[in-house]
Amino acid sequence: MRDKGNPNRISTHPPENRVQDNPPIFLRRNRVRHRSVTKPPPTRVLIEDQAALQKRLRDFLDEEGALDVSVDADSDALDGDYVQKIGNRPTSYEHTWRNVYSARAFNKEANEYQIYCHEKGCGKIIRMDSKFTEIDSRSTPHGEPRKPPVCHKVSWAALEEVMIQQEGSKQKSYTDAFRKYVCWYEPNLQPGHNGCNSAGQKTTAQNISKDERTRAESIITTVTNEFKSTIWETYYIPRR
Ligand SMILES: [Zn+2]
């Protein structure tokens, strides 16, 4: 069979066979479309000189507190929340300080980190050096420069008191993991100056207000609903 346009060209297939060629072509196109969806985006390569790269790495490590082993977000000694003295407060999570202070910003002109103090009646800026040590701290126990503390909105004393009462009435004990989660429940935490954290009347088991007790109960209920593993120990261990 000769092609009309080109008399020398001979078609290898009759017209009805060409129609049957279509399915394989369709499948091939489908496969290409699928591949283009899963293909990772092209990697952009930034070319910088060695010094600039080193500086970026240093800034990153400094920001993460990884250059200085004394910057330890998990250390209670550095955290210094006063309620530590009231009960057997669980130690904070490794990420607690970092998360509570995640809104900190580096002020280039002042060459310091800054974040607002959320403690009652303050609202002023907390200033920190490159190691997140509070600058001009008004209260540095043991005379040690230290990071601004992780402050509780509802005190640990109130949270613990409510948990102890609940344990007593149920004759069951909360697991340590649950108590820790209650203690370091992030919506209940806020940044504050060392001075602001140590100022004012401290909540103790004896002077918890009705309002604070209600808020403590609310936090414990929320955590109970959120907590993924078991919240009760097998045996009741009275905590006082
Ligand atoms: Zn303050």
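In the predicted model, V182 is buried, since 24 other C-beta atoms lie within 10 Å of its own, a count to be set against the threshold of 20 or more that defines burial. The residue belongs to helix α7, which spans residues 176-183. When residues up to four places away in sequence are left aside, the contacts of V182 are with L159, M163, I219, I220 and V223. For one of these partners, I220, the C-alpha atom is separated from that of V182 by 6.4 Å, although the two residues are 38 residues apart along the chain.

The surroundings of V182 can be placed in the context of its helix. The buried residues of α7 comprise F178, R179, Y181, V182 and C183, and these residues pack against two further helices, α6 (156-170) and α9 (210-226). In an α-helix there are 3.6 residues a turn, so residues three or four places apart point the same way.

Elsewhere in the model, 3 strands are arranged as an open sheet in the order β1-β2-β3, with antiparallel pairing. The edges of this sheet are occupied by β1 (105-107) and β3 (125-128), each of which has a single partner strand, so that one side of each is left without a neighbour in the sheet. Direction ignored, neighbouring strands of the sheet are turned by 40° against each other on average. The antiparallel pairing of β1 with strand β2 (residues 112-116) extends over 3 bridges, and N107 stands opposite E112 in β2.

Technical notes: Residues are numbered from 1 along each chain as its sequence is written. This is a predicted model: local features need pLDDT of at least 70, side-chain atom pairs count only at pLDDT 80 or more; totals for chains, interfaces and linings use all residues. Helices (H or I, at least four residues) and strands (E, at least two) are DSSP runs, numbered from the N terminus. A residue is buried if 20 or more other C-beta atoms lie within 10 Å of its own, exposed if 12 or fewer, and partly exposed in between; C-beta atoms are placed from the backbone. Two residues are in contact if their C-beta atoms, placed from the backbone, lie within 7 Å. Two strands pair if DSSP finds at least two bridges between them. Axes are lines fitted to C-alpha atoms, for helices over the stretch in contact, and angles run from 0 to 180 degrees between N-to-C directions.
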